[in-house]
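Student: I should like to take a close look at one part of this protein, namely its salt bridges. Could you please guide me through them and through their surroundings?

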Amino acid sequence: MAWKLDDRRSIHSQLTAVICRRIISGYYPPGSRLSSVRELADEAGVNPNTMQRALSQLETSGVIFAQRTSGRFVTTDRDKIDAMRRELALDAVKEFVGTMDGLGFAPEETEAMLRDYAHGRGKDQSEVEL
């Protein structure tokens with residue numbers, strides 16, 4: 001899974017989001033040990049201090065925890081992982097709705113498009129001529 005980082009947001013917040021998505025997807029299962037700060041930083045192509053900051057933020061939120069001599073581990077608290085999943089989904093919805101608003105769609109139109117897409121009818125809509 002690639003670390004896709006851009007200049008629009010702070011790097012440490014993007015690292016936090018990538019790790020959260022990896023936890024939610026099962027790439028890092030509950031209770032699993034994370035690689036070291038240096039290994040994660042090398043993999044992401046960032047400074048270890050930046051990765052440390054992202055991991056500290058995840059520790060503060062309880063998504064991961066540190067064991068003094070063993071490293072960092074993903075929480076086994078499924079409720080915490082589910083809450084994180086809902087929070088990321090809500091962020092995605094907010095971004096999508098903001099984009100649709102910016103394109104001039106009314107909330108009802110956006111809702112109808114989502115409903116159509118969910119029922120498989122939106123597939124052909126992707127080939128609109130401009």
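Tutor: The account below goes through the salt bridges and then turns to the nonpolar parts around them. Please keep in mind that this is a predicted model. Its mean pLDDT is 89, and 91% of the residues reach 70 or more. Among the elements, strand 2 (residues 71-74) has the highest mean pLDDT, 97, and helix 5 (residues 107-118) has the lowest, 92.

The structure holds 4 salt bridges, and three may be described here. One of them joins the side chains of Glu 43 and Arg 22, with 3.0 Å from N to O. This pair links distant parts of the chain, since Glu 43 belongs to helix 2 and Arg 22 to helix 1, 21 residues apart. Are these two residues buried or partly exposed? Arg 22 has a relative accessibility of 0% and therefore counts as buried, whereas Glu 43, at 38%, is partly exposed.

Another salt bridge is formed by Arg 72 and Glu 59, whose closest N and O atoms are 2.5 Å apart. Here too, distant parts of the chain are linked: Arg 72 lies in strand 2 and Glu 59 in helix 3, 13 residues apart. Arg 72 counts as buried because its relative accessibility is 15%, and the cut-off for buried is under 20%. Glu 59, at 28%, counts as partly exposed.

The salt bridge between Arg 115 and Glu 111 has an N to O distance of 3.1 Å. These residues are 4 apart in helix 5, so about one helical turn separates them. Both partners are partly exposed: Arg 115 has a relative accessibility of 41%, and Glu 111 has 47%.

Helices 1, 2 and 3 also take part in the largest nonpolar core, being among the elements that give two or more residues to it. This core has 22 residues, and helix 1 gives the most, with 5. Met 51 is one of the residues with the most contacts inside the core. Leaving aside neighbours within four places in sequence, Met 51 touches, among others, Trp 3, Leu 15, Ile 19 and Leu 40. In soluble globular proteins, nonpolar side chains tend to be buried together.

There is also a nonpolar patch on the surface, of about 400 Å², made by Leu 90, Val 93, Phe 96, Val 97 and Leu 114. Helix 4 gives the most to this patch, with 4 residues. Val 93 has its place in helix 4 and, at 45% relative accessibility, counts as partly exposed.

Note on methods: Residues are numbered from 1 along each chain as its sequence is written. This is a predicted model: local features need pLDDT of at least 70, side-chain atom pairs count only at pLDDT 80 or more; totals for chains, interfaces and linings use all residues. Side-chain values use heavy atoms; hydrogens and water are left out. A nonpolar core is a set of buried Ala, Val, Leu, Ile, Met, Phe, Trp, Tyr and Cys residues joined through side-chain atoms within 4.5 Å. Buried means under 20% relative accessible area, exposed over 50%, partly exposed in between (1.4 Å probe, protein chains only). Contact means heavy atoms within 4.5 Å. pLDDT is the predictor's confidence in each residue, from 0 to 100. Patches are made of residues with over 30% relative accessible area and no salt bridge: like charges are joined within 9 Å, nonpolar side chains (Val, Leu, Ile, Met, Phe, Trp, Tyr) within 5 Å. Accessible areas come from the Shrake-Rupley method with a 1.4 Å probe; for residues, only the protein chains shown count as cover.
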